[in-house]
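This report looks at a few side chains, their burial and their contacts. Please keep the sequence and the model in view while reading.

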Amino acid sequence: IMSLYANHDELRVIFVWMDADNSGTLSLDEVRRACEVLNARAAQRGGELLDADALFRAMDIDGSGSLDISEFMECFRLAGAAAA
């Protein structure tokens, strides 16, 4: 299954960094905080800013109100497949 996720190790590191309370899931607040950090860097470089709420809604595949590692990785797999 790991072959489905080309960047599995990197995505796991990002997920753990975002999971501030170490619950094993990401809340909307945790996604918002991560996006604040990423948006600050993007603004410095003239990059596109992320809409944390829209991102969270798109990634919450099961509608549970939190993101688990499987949902997180699946969204990046799907995004990669769409870009190919």
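Leaving aside its neighbours within four places in sequence, which residues is Asp19 in contact with? They are Gly24, Thr25, Leu26 and Glu30, where contact means heavy atoms within 4.5 Å. The model is predicted, and local features need pLDDT of at least 70, side-chain atom pairs count only at pLDDT 80 or more, and totals for chains, interfaces and linings use all residues. Residues are numbered from 1 along each chain as its sequence is written, and side-chain values use heavy atoms, with hydrogens and water left out.

Two aspartates in loops can be set side by side; helices (H or I, at least four residues) and strands (E, at least two) are DSSP runs, numbered from the N terminus.

| Residue | Loop | Contacts beyond four places in sequence |
|---|---|---|
| Asp19 | between α1 (8–18) and β1 (25–26) | Gly24, Thr25, Leu26, Glu30 |
| Asp60 | between α3 and β2 (67–68) | Gly65, Ser66, Leu67, Glu71 |

Asp19 is buried yet has no salt bridge, the nearest side chain of opposite charge being that of Arg33, 7.9 Å away. Buried means under 20% relative accessible area, exposed over 50%, and partly exposed in between (1.4 Å probe, protein chains only); a salt bridge is a side-chain nitrogen of Lys or Arg within 4 Å of a carboxyl oxygen of Asp or Glu. For charge, Lys and Arg count as positive and Asp and Glu as negative, while His and the chain ends are not counted. Asp60 has a relative accessible area of 12% and is therefore buried. Between the C-alpha atoms of Asp60 and Leu26 there are 9.7 Å in space, with their positions 34 residues apart in sequence.

Leu26 also belongs to the largest nonpolar core, which has 14 residues, and is among those that touch the most other members, together with Met18, Val31, Met59, Leu67 and Phe72. Such a core is a set of buried Ala, Val, Leu, Ile, Met, Phe, Trp, Tyr and Cys residues joined through side-chain atoms within 4.5 Å. The elements giving two or more residues to this core are α1, α2 (28–45), α3 (52–59) and α4.

A search of the whole structure finds one aromatic pair. The ring centres of Phe15 and Phe72 are 5.4 Å apart and their planes lie at 65 degrees, so the pair is edge-to-face (centres within 6.5 Å; planes under 30 degrees apart are stacked, over 60 edge-to-face, the rest tilted). Because Phe15 lies in helix α1 and Phe72 in helix α4 (residues 69–83), the pair ties together parts 57 residues apart in sequence.

Definitions and conventions:
Phe/Tyr/Trp six-rings, centres within 6.5 Å; stacked < 30°, edge-to-face > 60°.
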